[in-house]
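Below are some comments for a colleague on two topics, the surface and the internal cavities. Please read them with the structure open.

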Amino acid sequence: MLRDALLMARKDLRIELASRVALGQILPFGALVLIMFGLAISPDLSVLGADERSVLAQVSPGLFWMAVLFSSLLTLGRSFAIESSDGNLDALKMAGLDPAGVFLGKAGAVIVQLLVLELLLGFGAFVLYDAPLSDVVLLVTALILATTAVTVAGTLYAALASGLKVRDTLVPLLVLPVLAPVLLAATLATEAAVFGSSEDGWSWTMLLGVFALLYLGIGMLSFGPILEES
Amino acid sequence: MTASTDDVGPIERAEPGGSTTALSRGVGTGSKGTRILGVASLVALVAMLSFGLVFSPPEATQADAVRLMYVHLPSVAAGYTAFFITLVASVIHLRNGSVFWDLVAGSAAEIGVLFTVTMLVSGALWGKPTWGVYWQWDPRMTSTAVMLMMYLGYLALRRLELPPAVRSRRAAVLGIISFANVIIVRYSVKWWRGLHQGQSIGVDTQIDGLILFSLFLGLVSFMLIGAWLLVHRFRVAWLQHQLDQVDLEHALAERRAENEMIGMFGRRSDGDVQPGDLGAST
(Lines give C-alpha, C1' and ligand atoms only; values in the text may rest on other atoms or scores of the structure.)
Protein backbone atom coordinates (compact mmCIF):
# COMPACT_ATOMS: atom_id res chain seq x y z
CA MET A 1 0.00 0.00 0.00
CA LEU A 2 2.75 2.43 0.95
CA ARG A 3 4.69 1.48 -2.16
CA ASP A 4 1.62 2.27 -4.28
CA ALA A 5 1.20 5.53 -2.42
CA LEU A 6 4.79 6.55 -3.09
CA LEU A 7 4.40 5.61 -6.75
CA MET A 8 1.24 7.73 -7.09
CA ALA A 9 2.74 10.68 -5.25
CA ARG A 10 5.91 10.56 -7.31
CA LYS A 11 3.91 10.39 -10.51
CA ASP A 12 1.76 13.39 -9.55
CA LEU A 13 4.74 15.45 -8.44
CA ARG A 14 6.59 14.61 -11.62
CA ILE A 15 3.60 15.79 -13.66
CA GLU A 16 3.62 19.01 -11.65
CA LEU A 17 7.35 19.51 -12.20
CA ALA A 18 6.81 19.09 -15.92
CA SER A 19 3.65 21.20 -16.22
CA ARG A 20 4.23 23.78 -13.44
CA VAL A 21 0.50 24.37 -13.00
CA ALA A 22 0.62 24.71 -9.20
CA LEU A 23 3.66 26.93 -9.24
CA GLY A 24 2.80 28.93 -12.32
CA GLN A 25 -0.96 29.35 -11.87
CA ILE A 26 -2.21 28.38 -8.43
CA LEU A 27 0.50 30.15 -6.43
CA PRO A 28 0.04 33.47 -8.26
CA PHE A 29 -3.72 33.04 -7.73
CA GLY A 30 -3.17 32.63 -3.97
CA ALA A 31 -0.96 35.71 -3.88
CA LEU A 32 -3.60 37.60 -5.81
CA VAL A 33 -6.22 36.62 -3.21
CA LEU A 34 -3.94 38.01 -0.47
CA ILE A 35 -3.60 41.30 -2.35
CA MET A 36 -7.35 41.50 -3.01
CA PHE A 37 -8.05 40.99 0.69
CA GLY A 38 -5.78 43.97 1.33
CA LEU A 39 -7.90 46.02 -1.04
CA ALA A 40 -11.18 44.80 0.45
CA ILE A 41 -10.06 45.56 4.00
CA SER A 42 -8.35 48.89 4.03
CA PRO A 43 -4.74 48.68 5.34
CA ASP A 44 -5.28 51.99 7.14
CA LEU A 45 -7.92 50.68 9.54
CA SER A 46 -6.42 49.97 12.92
CA VAL A 47 -7.70 48.16 15.98
CA LEU A 48 -8.29 50.37 18.97
CA GLY A 49 -6.44 49.10 22.00
CA ALA A 50 -3.02 48.51 23.42
CA ASP A 51 -1.36 46.91 20.41
CA GLU A 52 -2.40 49.49 17.82
CA ARG A 53 -2.26 46.75 15.23
CA SER A 54 -3.85 47.33 11.85
CA VAL A 55 -7.06 45.40 11.19
CA LEU A 56 -5.30 43.70 8.31
CA ALA A 57 -2.53 42.37 10.59
CA GLN A 58 -5.11 41.35 13.17
CA VAL A 59 -7.11 39.24 10.76
CA SER A 60 -4.11 38.08 8.72
CA PRO A 61 -4.21 34.46 10.02
CA GLY A 62 -7.80 34.07 8.80
CA LEU A 63 -7.08 35.73 5.47
CA PHE A 64 -4.02 33.55 4.99
CA TRP A 65 -6.09 30.42 5.54
CA MET A 66 -8.85 31.61 3.22
CA ALA A 67 -6.22 32.11 0.51
CA VAL A 68 -4.86 28.62 1.24
CA LEU A 69 -8.36 27.09 1.09
CA PHE A 70 -9.14 28.71 -2.27
CA SER A 71 -5.80 27.55 -3.61
CA SER A 72 -6.33 24.06 -2.24
CA LEU A 73 -9.61 23.79 -4.18
CA LEU A 74 -7.70 24.48 -7.37
CA THR A 75 -4.92 22.07 -6.43
CA LEU A 76 -7.43 19.31 -5.66
CA GLY A 77 -9.27 19.97 -8.91
CA ARG A 78 -5.97 19.72 -10.75
CA SER A 79 -5.08 16.52 -8.92
CA PHE A 80 -8.16 14.79 -10.32
CA ALA A 81 -8.16 16.57 -13.67
CA ILE A 82 -4.93 14.79 -14.55
CA GLU A 83 -6.64 11.46 -13.87
CA SER A 84 -9.87 12.07 -15.73
CA SER A 85 -8.45 12.28 -19.24
CA ASP A 86 -7.75 9.26 -21.45
CA GLY A 87 -9.43 6.87 -19.03
CA ASN A 88 -6.63 7.22 -16.50
CA LEU A 89 -8.80 6.08 -13.62
CA ASP A 90 -9.59 2.86 -15.44
CA ALA A 91 -5.88 2.39 -16.06
CA LEU A 92 -5.21 2.84 -12.36
CA LYS A 93 -7.77 0.18 -11.53
CA MET A 94 -6.35 -2.16 -14.14
CA ALA A 95 -2.88 -1.65 -12.74
CA GLY A 96 -4.04 -3.35 -9.57
CA LEU A 97 -3.00 -0.54 -7.26
CA ASP A 98 -4.39 -0.61 -3.75
CA PRO A 99 -7.22 1.99 -3.54
CA ALA A 100 -6.00 3.11 -0.12
CA GLY A 101 -2.54 3.53 -1.63
CA VAL A 102 -3.96 5.61 -4.49
CA PHE A 103 -5.74 7.77 -1.95
CA LEU A 104 -2.62 8.27 0.16
CA GLY A 105 -0.49 8.96 -2.89
CA LYS A 106 -2.83 11.56 -4.36
CA ALA A 107 -3.21 13.21 -0.95
CA GLY A 108 0.54 13.11 -0.35
CA ALA A 109 1.34 14.87 -3.59
CA VAL A 110 -1.23 17.59 -2.84
CA ILE A 111 0.17 18.00 0.68
CA VAL A 112 3.67 18.60 -0.68
CA GLN A 113 2.37 21.15 -3.20
CA LEU A 114 0.26 22.93 -0.62
CA LEU A 115 3.09 23.12 1.92
CA VAL A 116 5.32 24.82 -0.63
CA LEU A 117 2.46 27.14 -1.50
CA GLU A 118 1.82 27.95 2.17
CA LEU A 119 5.47 28.72 2.78
CA LEU A 120 5.42 31.29 0.00
CA LEU A 121 1.94 32.65 0.82
CA GLY A 122 2.90 32.85 4.51
CA PHE A 123 5.88 34.92 3.59
CA GLY A 124 3.56 37.05 1.47
CA ALA A 125 1.17 37.56 4.37
CA PHE A 126 4.09 38.38 6.64
CA VAL A 127 5.26 41.08 4.25
CA LEU A 128 1.93 42.38 2.94
CA TYR A 129 -0.04 42.44 6.19
CA ASP A 130 2.87 43.25 8.53
CA ALA A 131 1.95 40.20 10.63
CA PRO A 132 4.21 39.38 13.58
CA LEU A 133 5.49 35.91 14.52
CA SER A 134 6.11 34.58 18.00
CA ASP A 135 5.90 30.76 18.15
CA VAL A 136 7.53 29.05 15.18
CA VAL A 137 7.12 25.48 16.47
CA LEU A 138 3.37 25.89 16.95
CA LEU A 139 3.05 27.59 13.57
CA VAL A 140 4.86 24.82 11.70
CA THR A 141 2.94 22.05 13.51
CA ALA A 142 -0.37 23.76 12.83
CA LEU A 143 0.57 24.30 9.18
CA ILE A 144 1.45 20.66 8.62
CA LEU A 145 -1.58 19.25 10.43
CA ALA A 146 -4.02 21.72 8.86
CA THR A 147 -2.62 21.01 5.41
CA THR A 148 -3.02 17.28 5.99
CA ALA A 149 -6.59 17.81 7.22
CA VAL A 150 -7.52 20.00 4.24
CA THR A 151 -5.96 17.59 1.80
CA VAL A 152 -7.27 14.24 3.02
CA ALA A 153 -10.83 15.54 3.39
CA GLY A 154 -10.53 17.42 0.09
CA THR A 155 -9.16 14.40 -1.78
CA LEU A 156 -12.04 12.27 -0.58
CA TYR A 157 -14.64 14.78 -1.75
CA ALA A 158 -12.85 15.54 -5.00
CA ALA A 159 -12.91 11.79 -5.68
CA LEU A 160 -16.66 11.71 -4.98
CA ALA A 161 -17.11 14.36 -7.65
CA SER A 162 -14.52 12.91 -10.05
CA GLY A 163 -15.37 11.99 -13.60
CA LEU A 164 -18.17 14.51 -13.75
CA LYS A 165 -18.59 17.31 -16.18
CA VAL A 166 -19.54 19.74 -13.43
CA ARG A 167 -16.73 18.70 -11.09
CA ASP A 168 -15.25 22.18 -10.91
CA THR A 169 -18.42 23.71 -9.54
CA LEU A 170 -19.38 20.82 -7.30
CA VAL A 171 -16.08 20.32 -5.45
CA PRO A 172 -16.11 23.72 -3.66
CA LEU A 173 -19.71 23.20 -2.54
CA LEU A 174 -18.88 19.77 -1.14
CA VAL A 175 -15.49 20.57 0.35
CA LEU A 176 -15.83 24.00 1.94
CA PRO A 177 -18.57 23.18 4.53
CA VAL A 178 -16.58 20.15 5.60
CA LEU A 179 -13.48 22.26 6.02
CA ALA A 180 -15.24 24.86 8.17
CA PRO A 181 -13.87 23.30 11.40
CA VAL A 182 -10.39 23.15 9.84
CA LEU A 183 -10.52 26.82 8.88
CA LEU A 184 -11.63 27.64 12.40
CA ALA A 185 -8.96 25.56 14.13
CA ALA A 186 -6.16 26.53 11.74
CA THR A 187 -6.96 30.23 12.05
CA LEU A 188 -7.08 30.14 15.84
CA ALA A 189 -3.90 28.07 16.12
CA THR A 190 -2.13 30.45 13.73
CA GLU A 191 -3.41 33.44 15.66
CA ALA A 192 -1.93 31.96 18.81
CA ALA A 193 1.38 31.24 17.06
CA VAL A 194 1.57 34.65 15.44
CA PHE A 195 0.46 36.90 18.26
CA GLY A 196 1.57 34.63 21.10
CA SER A 197 -1.84 35.36 22.58
CA SER A 198 -2.64 32.17 24.46
CA GLU A 199 -1.96 28.50 25.05
CA ASP A 200 -5.21 27.59 23.23
CA GLY A 201 -3.16 27.21 20.07
CA TRP A 202 -2.06 23.72 20.97
CA SER A 203 -5.58 22.44 21.67
CA TRP A 204 -6.73 23.75 18.28
CA THR A 205 -3.72 22.08 16.73
CA MET A 206 -4.76 18.86 18.42
CA LEU A 207 -8.21 19.22 16.86
CA LEU A 208 -6.54 19.59 13.46
CA GLY A 209 -4.64 16.39 14.09
CA VAL A 210 -7.77 14.50 15.12
CA PHE A 211 -9.63 15.76 12.07
CA ALA A 212 -6.77 14.75 9.78
CA LEU A 213 -6.58 11.26 11.28
CA LEU A 214 -10.35 10.80 11.09
CA TYR A 215 -10.49 11.70 7.41
CA LEU A 216 -7.38 9.67 6.67
CA GLY A 217 -9.26 6.66 8.01
CA ILE A 218 -12.52 7.44 6.19
CA GLY A 219 -10.65 8.13 2.96
CA MET A 220 -8.62 4.91 3.04
CA LEU A 221 -11.73 2.87 3.76
CA SER A 222 -14.09 4.45 1.24
CA PHE A 223 -11.74 5.10 -1.66
CA GLY A 224 -12.26 1.59 -2.97
CA PRO A 225 -16.06 1.84 -3.32
CA ILE A 226 -15.73 5.34 -4.78
CA LEU A 227 -13.22 4.40 -7.47
CA GLU A 228 -15.04 1.20 -8.31
CA GLU A 229 -17.46 1.54 -11.22
CA SER A 230 -16.67 5.22 -11.61
CA MET B 1 -43.23 -3.97 -20.26
CA THR B 2 -39.82 -3.21 -18.83
CA ALA B 3 -40.93 -2.77 -15.25
CA SER B 4 -41.49 -6.11 -13.59
CA THR B 5 -43.40 -7.09 -10.51
CA ASP B 6 -40.20 -6.76 -8.46
CA ASP B 7 -40.11 -3.05 -9.18
CA VAL B 8 -43.51 -2.50 -7.70
CA GLY B 9 -42.68 -4.06 -4.38
CA PRO B 10 -41.20 -0.99 -2.71
CA ILE B 11 -44.28 1.10 -3.49
CA GLU B 12 -46.32 -1.38 -1.57
CA ARG B 13 -43.70 -1.45 1.14
CA ALA B 14 -43.90 2.31 1.37
CA GLU B 15 -47.54 2.07 2.14
CA PRO B 16 -48.41 -1.00 4.14
CA GLY B 17 -52.09 -1.78 4.14
CA GLY B 18 -52.79 0.93 1.58
CA SER B 19 -53.66 0.56 -2.06
CA THR B 20 -51.71 1.34 -5.19
CA THR B 21 -54.78 2.28 -7.17
CA ALA B 22 -53.86 5.94 -7.49
CA LEU B 23 -50.44 4.96 -8.78
CA SER B 24 -51.75 2.46 -11.28
CA ARG B 25 -54.18 4.99 -12.62
CA GLY B 26 -51.19 7.30 -12.99
CA VAL B 27 -53.00 10.38 -11.72
CA GLY B 28 -50.87 11.28 -8.74
CA THR B 29 -48.99 10.18 -5.69
CA GLY B 30 -51.90 10.31 -3.27
CA SER B 31 -53.51 7.31 -1.67
CA LYS B 32 -55.92 6.61 1.15
CA GLY B 33 -53.09 6.48 3.66
CA THR B 34 -51.52 9.75 2.62
CA ARG B 35 -54.88 11.47 2.49
CA ILE B 36 -55.50 10.52 6.11
CA LEU B 37 -51.97 11.67 6.94
CA GLY B 38 -52.58 14.93 5.09
CA VAL B 39 -55.86 15.64 6.86
CA ALA B 40 -54.25 14.79 10.20
CA SER B 41 -51.39 17.22 9.61
CA LEU B 42 -53.83 19.93 8.53
CA VAL B 43 -55.86 19.45 11.72
CA ALA B 44 -52.71 19.48 13.84
CA LEU B 45 -51.51 22.59 12.04
CA VAL B 46 -54.76 24.45 12.70
CA ALA B 47 -54.65 23.40 16.36
CA MET B 48 -51.03 24.46 16.62
CA LEU B 49 -51.74 27.84 15.02
CA SER B 50 -54.72 28.56 17.25
CA PHE B 51 -52.86 27.58 20.39
CA GLY B 52 -49.62 29.21 19.28
CA LEU B 53 -51.15 32.51 18.18
CA VAL B 54 -54.29 32.85 20.30
CA PHE B 55 -54.62 30.66 23.35
CA SER B 56 -51.06 30.61 24.67
CA PRO B 57 -49.86 33.62 26.69
CA PRO B 58 -46.80 35.75 25.85
CA GLU B 59 -43.71 34.52 27.65
CA ALA B 60 -42.20 36.47 30.58
CA THR B 61 -38.87 37.46 29.01
CA GLN B 62 -39.36 36.89 25.29
CA ALA B 63 -42.92 38.28 25.13
CA ASP B 64 -44.66 37.48 21.83
CA ALA B 65 -41.40 36.42 20.17
CA VAL B 66 -41.78 33.10 21.94
CA ARG B 67 -44.49 32.19 19.42
CA LEU B 68 -41.78 31.78 16.78
CA MET B 69 -40.49 28.91 18.87
CA TYR B 70 -43.62 26.92 18.00
CA VAL B 71 -42.29 26.87 14.44
CA HIS B 72 -38.59 26.91 15.22
CA LEU B 73 -38.17 23.98 17.60
CA PRO B 74 -40.45 21.62 15.64
CA SER B 75 -38.44 22.44 12.48
CA VAL B 76 -35.29 21.51 14.36
CA ALA B 77 -36.79 18.17 15.39
CA ALA B 78 -38.23 17.42 11.95
CA GLY B 79 -35.05 18.53 10.15
CA TYR B 80 -32.72 16.40 12.23
CA THR B 81 -35.10 13.44 11.98
CA ALA B 82 -35.07 13.76 8.20
CA PHE B 83 -31.25 13.85 8.06
CA PHE B 84 -31.14 10.88 10.37
CA ILE B 85 -33.42 9.00 7.96
CA THR B 86 -30.98 9.91 5.17
CA LEU B 87 -28.15 8.44 7.24
CA VAL B 88 -29.96 5.19 7.99
CA ALA B 89 -31.20 4.82 4.41
CA SER B 90 -27.69 5.48 3.07
CA VAL B 91 -26.24 2.78 5.31
CA ILE B 92 -28.87 0.28 4.17
CA HIS B 93 -28.32 1.24 0.53
CA LEU B 94 -24.57 0.67 0.83
CA ARG B 95 -25.24 -2.75 2.33
CA ASN B 96 -27.79 -4.07 -0.15
CA GLY B 97 -27.74 -1.59 -3.05
CA SER B 98 -31.53 -1.27 -3.19
CA VAL B 99 -32.97 1.59 -5.20
CA PHE B 100 -35.76 1.97 -2.67
CA TRP B 101 -33.44 3.07 0.15
CA ASP B 102 -31.42 5.29 -2.15
CA LEU B 103 -34.58 7.19 -3.08
CA VAL B 104 -35.67 7.33 0.57
CA ALA B 105 -32.28 8.87 1.46
CA GLY B 106 -32.60 11.49 -1.26
CA SER B 107 -36.21 12.35 -0.48
CA ALA B 108 -35.50 12.66 3.24
CA ALA B 109 -32.52 14.95 2.56
CA GLU B 110 -34.76 17.28 0.55
CA ILE B 111 -37.30 17.43 3.36
CA GLY B 112 -34.45 17.99 5.82
CA VAL B 113 -33.17 20.95 3.79
CA LEU B 114 -36.67 22.41 3.73
CA PHE B 115 -36.98 22.22 7.51
CA THR B 116 -33.44 23.53 8.00
CA VAL B 117 -34.31 26.63 6.02
CA THR B 118 -37.45 27.06 8.15
CA MET B 119 -35.28 26.58 11.22
CA LEU B 120 -32.78 29.26 10.17
CA VAL B 121 -35.37 31.79 9.03
CA SER B 122 -37.53 31.44 12.14
CA GLY B 123 -34.40 31.53 14.31
CA ALA B 124 -33.16 34.74 12.69
CA LEU B 125 -36.58 36.37 13.00
CA TRP B 126 -36.64 35.36 16.67
CA GLY B 127 -33.10 36.69 17.15
CA LYS B 128 -33.93 40.22 16.02
CA PRO B 129 -36.31 41.13 18.89
CA THR B 130 -34.51 38.92 21.42
CA TRP B 131 -30.82 39.60 20.74
CA GLY B 132 -31.20 42.76 18.65
CA VAL B 133 -29.60 41.13 15.60
CA TYR B 134 -30.76 38.59 13.06
CA TRP B 135 -27.53 36.67 13.10
CA GLN B 136 -25.75 36.18 16.40
CA TRP B 137 -22.97 33.78 15.34
CA ASP B 138 -24.43 31.51 17.92
CA PRO B 139 -22.81 28.03 17.72
CA ARG B 140 -26.11 26.42 16.89
CA MET B 141 -27.01 28.88 14.15
CA THR B 142 -23.56 28.83 12.61
CA SER B 143 -23.25 25.07 12.57
CA THR B 144 -26.79 24.76 11.21
CA ALA B 145 -25.93 27.09 8.34
CA VAL B 146 -22.87 24.98 7.52
CA MET B 147 -25.00 21.84 7.76
CA LEU B 148 -27.49 23.31 5.28
CA MET B 149 -24.67 23.89 2.80
CA MET B 150 -23.46 20.32 3.25
CA TYR B 151 -26.83 18.85 2.42
CA LEU B 152 -27.26 21.20 -0.54
CA GLY B 153 -24.00 19.69 -1.77
CA TYR B 154 -25.43 16.24 -1.16
CA LEU B 155 -28.51 17.07 -3.22
CA ALA B 156 -26.30 18.53 -5.95
CA LEU B 157 -24.36 15.27 -6.11
CA ARG B 158 -27.61 13.36 -6.46
CA ARG B 159 -28.65 15.36 -9.49
CA LEU B 160 -25.50 14.60 -11.45
CA GLU B 161 -25.50 12.76 -14.71
CA LEU B 162 -23.77 9.54 -13.79
CA PRO B 163 -24.64 5.89 -14.15
CA PRO B 164 -27.40 5.43 -11.51
CA ALA B 165 -25.51 2.76 -9.58
CA VAL B 166 -22.39 4.93 -9.28
CA ARG B 167 -24.36 7.99 -8.35
CA SER B 168 -26.40 6.32 -5.65
CA ARG B 169 -23.33 4.69 -4.15
CA ARG B 170 -21.44 7.96 -3.99
CA ALA B 171 -24.51 9.69 -2.60
CA ALA B 172 -24.74 7.03 0.10
CA VAL B 173 -21.09 7.55 1.08
CA LEU B 174 -21.71 11.29 1.21
CA GLY B 175 -24.97 10.84 3.14
CA ILE B 176 -23.10 8.96 5.81
CA ILE B 177 -20.08 11.26 6.13
CA SER B 178 -22.31 14.32 6.10
CA PHE B 179 -24.00 13.24 9.28
CA ALA B 180 -20.63 12.70 10.97
CA ASN B 181 -19.63 16.14 9.74
CA VAL B 182 -22.62 17.75 11.34
CA ILE B 183 -21.33 16.52 14.69
CA ILE B 184 -17.74 17.72 14.09
CA VAL B 185 -18.87 21.13 12.89
CA ARG B 186 -21.24 21.47 15.81
CA TYR B 187 -18.59 20.80 18.44
CA SER B 188 -15.83 22.85 16.86
CA VAL B 189 -18.05 25.88 16.45
CA LYS B 190 -19.30 25.49 20.00
CA TRP B 191 -15.73 25.35 21.26
CA TRP B 192 -14.83 28.41 19.19
CA ARG B 193 -17.67 30.51 20.60
CA GLY B 194 -17.14 29.04 24.04
CA LEU B 195 -13.71 30.66 24.15
CA HIS B 196 -15.10 34.05 23.32
CA GLN B 197 -18.39 34.32 25.14
CA GLY B 198 -20.84 32.45 27.28
CA GLN B 199 -23.90 30.61 26.08
CA SER B 200 -26.11 33.06 24.26
CA ILE B 201 -29.48 31.54 25.00
CA GLY B 202 -30.52 31.38 28.61
CA VAL B 203 -33.11 28.64 28.79
CA ASP B 204 -36.03 29.51 30.99
CA THR B 205 -36.72 26.78 33.48
CA GLN B 206 -40.23 28.00 34.23
CA ILE B 207 -42.32 27.21 31.20
CA ASP B 208 -46.01 27.91 31.10
CA GLY B 209 -48.22 24.84 30.54
CA LEU B 210 -49.95 26.30 27.50
CA ILE B 211 -46.62 27.25 25.96
CA LEU B 212 -45.41 23.71 26.43
CA PHE B 213 -48.64 22.37 24.95
CA SER B 214 -48.31 24.64 21.91
CA LEU B 215 -44.75 23.42 21.43
CA PHE B 216 -46.02 19.87 21.61
CA LEU B 217 -48.70 20.62 19.00
CA GLY B 218 -46.05 22.19 16.79
CA LEU B 219 -43.93 19.08 17.11
CA VAL B 220 -46.82 16.80 16.22
CA SER B 221 -47.92 18.85 13.22
CA PHE B 222 -44.40 19.28 11.82
CA MET B 223 -43.66 15.58 12.17
CA LEU B 224 -46.93 14.76 10.38
CA ILE B 225 -46.19 17.26 7.62
CA GLY B 226 -42.68 15.87 7.31
CA ALA B 227 -43.97 12.31 7.00
CA TRP B 228 -46.59 13.37 4.46
CA LEU B 229 -44.02 15.23 2.37
CA LEU B 230 -41.60 12.33 2.60
CA VAL B 231 -44.09 9.76 1.32
CA HIS B 232 -45.10 11.96 -1.59
CA ARG B 233 -41.57 12.99 -2.44
CA PHE B 234 -40.52 9.37 -2.38
CA ARG B 235 -43.35 8.33 -4.69
CA VAL B 236 -42.45 11.05 -7.18
CA ALA B 237 -38.84 9.85 -7.06
CA TRP B 238 -39.99 6.27 -7.52
CA LEU B 239 -42.12 7.13 -10.54
CA GLN B 240 -39.21 9.08 -11.95
CA HIS B 241 -37.01 6.07 -11.44
CA GLN B 242 -39.46 3.80 -13.23
CA LEU B 243 -39.73 6.29 -16.04
CA ASP B 244 -35.95 6.22 -16.40
CA GLN B 245 -36.08 2.45 -16.43
CA VAL B 246 -38.26 2.36 -19.48
CA ASP B 247 -35.94 2.33 -22.37
CA LEU B 248 -36.61 5.24 -24.71
CA GLU B 249 -36.36 3.23 -27.87
CA HIS B 250 -38.58 0.55 -26.46
CA ALA B 251 -41.19 3.13 -25.57
CA LEU B 252 -41.00 4.69 -29.01
CA ALA B 253 -41.39 1.32 -30.69
CA GLU B 254 -44.43 0.53 -28.61
CA ARG B 255 -45.97 3.90 -29.30
CA ARG B 256 -45.49 3.34 -32.99
CA ALA B 257 -47.04 -0.10 -32.83
CA GLU B 258 -49.90 1.31 -30.80
CA ASN B 259 -50.61 4.02 -33.36
CA GLU B 260 -50.57 1.47 -36.12
CA MET B 261 -52.98 -0.68 -34.26
CA ILE B 262 -55.31 2.21 -33.54
CA GLY B 263 -55.11 3.07 -37.20
CA MET B 264 -55.98 -0.48 -38.22
CA PHE B 265 -58.62 -1.41 -35.67
CA GLY B 266 -59.62 1.91 -34.19
CA ARG B 267 -59.03 0.58 -30.68
CA ARG B 268 -56.23 -0.46 -28.37
CA SER B 269 -55.54 -4.15 -27.90
CA ASP B 270 -55.54 -5.66 -24.44
CA GLY B 271 -52.35 -5.70 -22.47
CA ASP B 272 -50.82 -2.86 -24.41
CA VAL B 273 -48.87 -0.16 -22.62
CA GLN B 274 -50.74 3.03 -21.93
CA PRO B 275 -49.09 6.30 -21.06
CA GLY B 276 -49.01 6.69 -17.30
CA ASP B 277 -49.20 2.96 -16.69
CA LEU B 278 -45.62 2.77 -15.43
CA GLY B 279 -45.88 -0.86 -14.65
CA ALA B 280 -47.72 -0.43 -11.38
CA SER B 281 -50.62 -2.59 -12.55
CA THR B 282 -48.62 -5.67 -13.53
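**Notes on a surface patch and the cavities**

1. A:V136 belongs to helix 7 of chain A, and the model in which this residue is placed is a predicted one. With a relative accessible area of 48%, A:V136 is partly exposed, because that class covers values from 20% to 50%.

2. A:V136 is also one of the residues of a nonpolar surface patch of about 660 Å², which is made together with A:F123, A:F126, A:V127, A:L133, A:V140 and A:I144. Two elements of chain A, helix 6 (99-128) and helix 7 (136-160), each give two or more residues to this patch.

3. Turning to the interior, how many cavities of 30 Å³ or more does a search of the whole structure find? The search finds six, and the largest cavity has a volume of about 80 Å³.

4. The lining of the largest cavity consists of A:D12, A:I15, A:E16, A:T75, A:R78, A:S79, A:I82, A:A109, A:V110 and A:Q113. By character, these lining residues divide into four nonpolar, three polar and three charged.

5. Which elements of chain A each supply at least two residues of that lining? They are helix 1 (2-19), helix 4 (60-84) and helix 6, and of these helix 4 gives the most, with four residues. Helix 6 therefore deserves a look in both contexts, since helix 6 gives two or more residues to the nonpolar patch and, by the definition of helices as DSSP runs, the same numbered element supplies at least two residues of the lining of the largest cavity.

Key
Residues numbered from 1 in each chain as written. Chains lettered and ligands numbered in written order. Predicted model: local features only at pLDDT ≥ 70, side-chain atom pairs only at ≥ 80, totals over all residues. Heavy atoms only, no water. Patch = residues over 30% accessible without salt bridge, like charges linked within 9 Å, V, L, I, M, F, W, Y side chains within 5 Å. Areas by Shrake-Rupley, 256 points an atom, 1.4 Å probe, with all protein chains shown as cover. Salt bridge = Lys/Arg side-chain N within 4 Å of Asp/Glu carboxyl O. Buried < 20%, exposed > 50% of the residue type's maximum accessible area, 1.4 Å probe, protein only. 1 Å grid on protein atoms, 1.4 Å probe; cavity = no way out; pocket = protein on both sides within 12 Å on 5 of 7 lines; lining within 4 Å. Points joined across faces, edges and corners; volume = space filled by probe spheres on them. Nonpolar A, V, L, I, M, F, W, Y, C, P; charged D, E, K, R; others polar.
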